[in-house]
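These are my notebook entries on what I looked up in this structure. I began with side-chain exposure and then turned to pairings and helix packing.

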Amino acid sequence: MSLCPPFAPFFGFAGVASAMVFSTVGAAFGTSKAGIGIAGLGTFKPELIMKSLIPVVMSGIIAVYGLVVSVLIAGSLKPTGYSLFAGFIHLGAGLACGFTGLAAGYAIGFVGDSCVRAYVHESKVFVSMVLILIFAEVLGLYG
């Protein structure tokens with residue numbers, strides 16, 4: 001076994017932090033942006049609020065993806081015998097999950113906000129909103 005540097009686990013923990021932080025920031029942005037649209041919808045048609053919570057729920061799932069990846073990475077971290085290669089692999093996995101979660105959260109937020117506002121005027125928008133939200137959610141799932 002080759003000599004493992006003592007700073008190698010730093011990169012693994014950086015991957016854990018990246019997966020958690022970036023995906024959670026994306027989920028928070030998506031929740032807040034879609035929540036603003038729901039608040040606007042609620043002033044005109046309060047009976048549509050429950051159906052309009054779909055973007056908020058889907059945005060919260062993005063944070064769960066980051067949590068799952070960070071737990072998987074943290075489970076394979078070891079204080080000794082942890083190679084620099086494994087640290088870089090875990091950093092890359094955390095960054096991939098975090099940045100796709102960030103992008104998915106932004107997409108869900110913007111789509112949720114605009115479609116919920118359009119849902120006030122036209123009920124046919126609901127099906128297309130759900131489809132677009134599913135495609136935005138898949139961005140986070142790919143990561």
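I looked up the exposure of R117 and found a relative accessibility of 41%, so I recorded R117 as partly exposed. I then examined the partner of R117: its side chain meets that of D113 in a salt bridge, with 2.8 Å from N to O. Both residues lie in helix α3, four residues apart, which means that about one helical turn separates them.

I noted that the model is predicted.

Next I asked whether D113 is buried or exposed. D113 has a relative accessible area of 12%, under the 20% limit, and I therefore entered D113 as buried.

I counted the salt bridges in the structure and obtained two. The other one I looked up pairs D113 with K33, whose closest N and O atoms are 3.9 Å apart. This pair links distant parts of the chain, since K33 belongs to helix α1 and D113 to helix α3 (residues 84-121), 80 residues apart. For K33 I recorded a relative accessibility of 24%, hence partly exposed. Through shared partners, the salt bridges join K33, D113 and R117 into one network.

Finally, I turned to the packing of two helices. Helix α1 spans residues 8-44 and helix α2 spans residues 54-75; they pack at an angle of about 175°, and their axes are 8 Å apart. Angles over 145 degrees count as roughly antiparallel, and I therefore described α1 and α2 as roughly antiparallel to each other. In the contact of α1 with α2 I listed 14 nonpolar residues, eleven polar ones and no charged ones.

Note on methods:
Residues are numbered from 1 along each chain as its sequence is written. This is a predicted model: local features need pLDDT of at least 70, side-chain atom pairs count only at pLDDT 80 or more; totals for chains, interfaces and linings use all residues. Side-chain values use heavy atoms; hydrogens and water are left out. Axes are lines fitted to C-alpha atoms, for helices over the stretch in contact, and angles run from 0 to 180 degrees between N-to-C directions. Angles under 35 degrees count as roughly parallel, over 145 as roughly antiparallel, 65 to 115 as roughly perpendicular and the rest as oblique. Ala, Val, Leu, Ile, Met, Phe, Trp, Tyr, Cys and Pro count as nonpolar, Asp, Glu, Lys and Arg as charged, and the others, Gly among them, as polar. A salt bridge is a side-chain nitrogen of Lys or Arg within 4 Å of a carboxyl oxygen of Asp or Glu. Buried means under 20% relative accessible area, exposed over 50%, partly exposed in between (1.4 Å probe, protein chains only).
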